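Welcome, and thanks for taking a look at this one with me. Here are my notes, in numbered points, to read alongside the model.

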Amino acid sequence: MSQEARGHILLRHVSFAYVADRPTLDDVTLEVTPGAVLALVGRSGSGKSTLLKLINRMLLPSSGAVTVDTRDTRAWDAIRLRRHIGYVLQDVGLFPHMTVGDNVSLLPTLEGWTDARRETRARELLHLVGLPYDEWAARWPRDLSGGQRQRIGVARALALDPPILLMDEPFGALDPVTRAELRREFLRIQQSLGTTVVIVTHDMAEAFALATHIGVLHDGRLLVCDTPNVVRASADERVQVFL
């Protein structure tokens, strides 16, 4: 894999159906270049989260092809692909019986890293998300606020330095002030790392605040996928609803 391909995502005429003859995604073609931030918006059930699951091979397309770093997801080992891609969920999913430090170090532990290497990486990541290791590593998830748990979730997703980060409504359950703070933190982190990001959101203002490109899904179809200025100028009434 060339360095230029690291973090590249391409969907070519991808369709997927949970139920035959009722496609959740219908002939979707889009490209996410390395270092770009793509925000996917659309009504509930439009196929946004399904698209994320296709990228990390939790699902395989019914037709068409999904490639990550120029390799078809069918050709990837599923575990290797998922450790190549960070994933952040709305409910974070921290393990309550594990400390913050152990949660952040989960994937390095599964990869067989030494204790010293795991601690060094956890220190780097907790510093990156603004929660210093010496103060936070020994705490339990139950002791954290929603915003702090979300920061830990981002740190855990970045543990193996993945070139791609998928985020499914990561700020949706937070209060407006915390959401604004984490948006700023997200931009700082993404710009410092150059990670390719695909983020699902129902909030068009959030999409414009975070993304280099915006894709609007409607009934499984991709209506538009372009820069914020192009999306803003769209004459499609279904896109205008979100604007």
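1. A good place to start is a pair of strands: strand E1 (residues 9-16) and strand E4 (residues 63-68) run antiparallel and are joined over five bridges. Helices (H or I, at least four residues) and strands (E, at least two) are DSSP runs, numbered from the N terminus, and two strands pair if DSSP finds at least two bridges between them. Ser 15 has Ser 63 of E4 as its bridge partner, while Leu 11 is matched with Val 66 in E4.

2. Before going further, please keep in mind that this is a predicted model, where local features need pLDDT of at least 70, side-chain atom pairs count only at pLDDT 80 or more, and totals for chains, interfaces and linings use all residues. Residues are numbered from 1 along each chain as its sequence is written, and side-chain values use heavy atoms, with hydrogens and water left out.

3. Now the sheet around that pair. Four strands make up an open sheet in the order E2-E1-E4-E5, with antiparallel pairing. At its edges are strand E2 (25-32) and strand E5 (71-72), each pairing on one side only. Helix H1 (residues 48-55) packs on this sheet and touches E1, E2 and E4; contact here means heavy atoms within 4.5 Å. The direction of H1 makes about 120 degrees with that of E1 (axes are lines fitted to C-alpha atoms, for helices over the stretch in contact, and angles run from 0 to 180 degrees between N-to-C directions).

4. How do E4 and E5 connect? They form a hairpin with two residues between them, and Asp 69 in the turn has a positive phi of about 55 degrees. Two bridges join these antiparallel strands, and Val 68 has Arg 71 of E5 as its bridge partner.

5. Stepping back, the protein chain has 11 helices and 10 strands. Its radius of gyration is 18 Å, close to the 18 Å that the globule rule gives for 243 residues, so the chain is as compact as a globular protein of that length. The radius is taken over C-alpha atoms, and the rule is 2.2 Å times the number of residues to the power 0.38.

6. Next, the open spaces. The largest pocket holds about 480 Å³ of space. On a 1 Å grid over the protein atoms alone, a pocket is an open set with protein on both sides within 12 Å along at least five of seven lines, a cavity is a set of points where a 1.4 Å probe fits but cannot get out, and lining residues have an atom within 4 Å of a point. Grid points are joined across faces, edges and corners, and a volume is the space filled by probe spheres set on the points. Of the 17 lining residues of the largest pocket, Arg 82, Ile 85, Tyr 87, Leu 107 and Arg 156 lie nearest its centre. Strand E6 (85-89) is among the elements that supply at least two lining residues, and E6 gives the largest share, five residues.

7. Finally, which residues lie nearest the centre of the largest cavity? They are Val 154, Met 167, Glu 185, Phe 186 and Ile 189, out of 16 lining residues. About 150 Å³ of space lies in this cavity. Helix H7 (146-157), strand E7 (164-168) and helix H8 (176-193) each supply at least two residues of the lining, and H8 gives the most, with six residues.
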